[in-house]
Amino acid sequence: MSSAAPPATTEHKEVADEIDAEYEKLLQTDPSKGLSDEEAAARLEKFGPNELPEVRVNPYLKFLGYFLGPISYLLEIATILSAILGNWIDFGILVFVLIANAVIGFHEEAKAESALDALKNTLALKTRAWRNGKLVEVEAALLVPGDIIILRLGDIVPADARLLGIDATGEVTEGNLQIDQAALTGESLPVSKGKD
């Protein structure tokens with residue numbers, strides 16, 4: 001019997017997607033002034049609100065959807081064959097399995113949606129951003145690409161953001177932020193985020 005080596009420790013790796021030049025230009029905002037109300041309104045019109053779209057499906061259609069798919073089709077064919085052959089015990093068992101599968105799947109998906117709704121409720125509703133050269137409180141849904149937001153200890157990050165490495169007064173900072181991403185990624189430890 002061979003002994004297995006202990007698992008190597010993993011390190012968090014950030015995936016930095018290349019930003020399209022058009023969008024990169026939008027992100028070049030003066031950190032001391034932020035966007036004007038006109039710029040913010042134009043970008044809100046172009047990109048839409050900073051929120052997840054809400055898609056709701058009829059629960060009856062969702063439940064019926066659990067009777068579709070390759071495994072369900074096989075069970076349904078077996079159920080029909082059992083009825084044709086008059087094997088009523090197998091027929092009853094297969095009908096029970098089909099219904100139990102649909103009920104369990106529907107219940108588990110409802111729990112997952114409840115967890116997602118709870119996650120949405122923990123999102124930041126308001127944040128501090130530079131607009132028209134002033135630090136103002138802005139609805140998180142009204143943030144647009146290029147907004148300069150201010151984060152303090154304990155804040156919920158209201159949107160995807162690039163750290164500029166400056167504080168609210170414009171002074172350069174050298175430290176990294178420790179971001180808790182557990183609700184999104186399941187990572188139990190905070191992840192260090194630095195400038196850019």
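The following paragraphs describe the fold, the helices, the salt bridges and selected residues of a predicted model.

In this predicted model, the chain is built from six helices and five strands. Their order along the sequence follows the pattern α-α-α-α-α-β-β-β-β-α-β, a run of five helices being followed by four strands, a further helix and a final strand. Of the 196 residues of the chain, 20% count as buried. The accessible surface of the chain amounts to about 14800 Å², and carbon and sulfur atoms account for 62% of that area. When contacts between residues at least 6 apart in sequence are considered, 52% of them join residues at least 24 apart.

Helix H5 spans residues 88-121 and comprises 34 residues. The distance from its first C-alpha to its last is 49 Å, which is close to the 50 Å expected at 1.5 Å a residue. The buried residues of H5 are Leu94, Leu98, Ala102, Gly105 and Leu119. An α-helix has 3.6 residues a turn, so residues three or four places apart point the same way.

In the UniProt record, which is an unreviewed entry, the annotation "transmembrane region" is assigned to residues 63-85 and to residues 91-107. In the model, the span of residues 63-85 is 83% helix and 0% strand, with its end C-alpha atoms 29 Å apart. For residues 91-107, the corresponding figures are 100% helix and 0% strand, and the end C-alpha atoms of this span lie 24 Å apart.

Helix H4, formed by residues 70-85, contains isoleucine 80 as well as serine 82, and these two residues fall into opposite accessibility classes. Isoleucine 80 counts as exposed because its relative accessibility is 52%, the limit for this class being over 50%. This residue also belongs to a nonpolar surface patch of about 560 Å², which is made by Ile77, Ile80, Leu81, Ile84 and Leu85. Serine 82, by contrast, is buried, since its relative accessible area is 10%, and burial requires a value under 20%. Apart from residues up to four places away in sequence, serine 82 touches Asn87, Asp90, Phe91 and Leu94. Of these contact partners, Leu94 is also listed among the buried residues of H5.

A search of the whole structure finds five salt bridges, of which those involving lysine 62 and lysine 126 are described here. Side chains of opposite charge can pair when their charged atoms come close. The side chain of lysine 62 meets that of glutamate 109 in a salt bridge with an N to O distance of 3.7 Å. This pair links distant parts of the chain, as lysine 62 is placed in helix H3 (residues 59-65) and glutamate 109 in helix H5, 47 residues apart. Lysine 62 also forms a salt bridge with glutamate 113, for which the N to O distance is 2.4 Å. Because glutamate 113 lies in helix H5 and lysine 62 in helix H3, this second pair ties together parts that are 51 residues apart in sequence. Lys62, Glu109 and Glu113 are thus linked in a network of salt bridges. Within this network, lysine 62 is buried, with a relative accessible area of 18%, whereas glutamate 109 counts as partly exposed at 31% relative accessibility and glutamate 113 counts as partly exposed at 27%.

Another salt bridge is found between strands, where the side chains of glutamate 139 and lysine 126 meet at an N to O distance of 3.3 Å. Glutamate 139 lies in strand S2 (residues 134-139) and lysine 126 in strand S1 (residues 126-131), so this pair ties together parts that are 13 residues apart in sequence. Both residues are partly exposed, the relative accessible area being 37% for glutamate 139 and 47% for lysine 126.

The loop between S1 and S2 contains asparagine 132, whose backbone has a positive phi of about 55 degrees although this residue is not a glycine. Most residues other than glycine have a negative phi. At 41% relative accessibility, asparagine 132 counts as partly exposed.

How values were computed. Residues numbered from 1 in each chain as written. Predicted model: local features only at pLDDT ≥ 70, side-chain atom pairs only at ≥ 80, totals over all residues. Heavy atoms only, no water. Buried < 20%, exposed > 50% of the residue type's maximum accessible area, 1.4 Å probe, protein only. Contact = heavy atoms within 4.5 Å. Areas by Shrake-Rupley, 256 points an atom, 1.4 Å probe, with all protein chains shown as cover. Expected span 1.5 Å × (residues − 1). Patch = residues over 30% accessible without salt bridge, like charges linked within 9 Å, V, L, I, M, F, W, Y side chains within 5 Å. Salt bridge = Lys/Arg side-chain N within 4 Å of Asp/Glu carboxyl O. UniProt positions renumbered as here; feature names shortened; annotations may be inferred.
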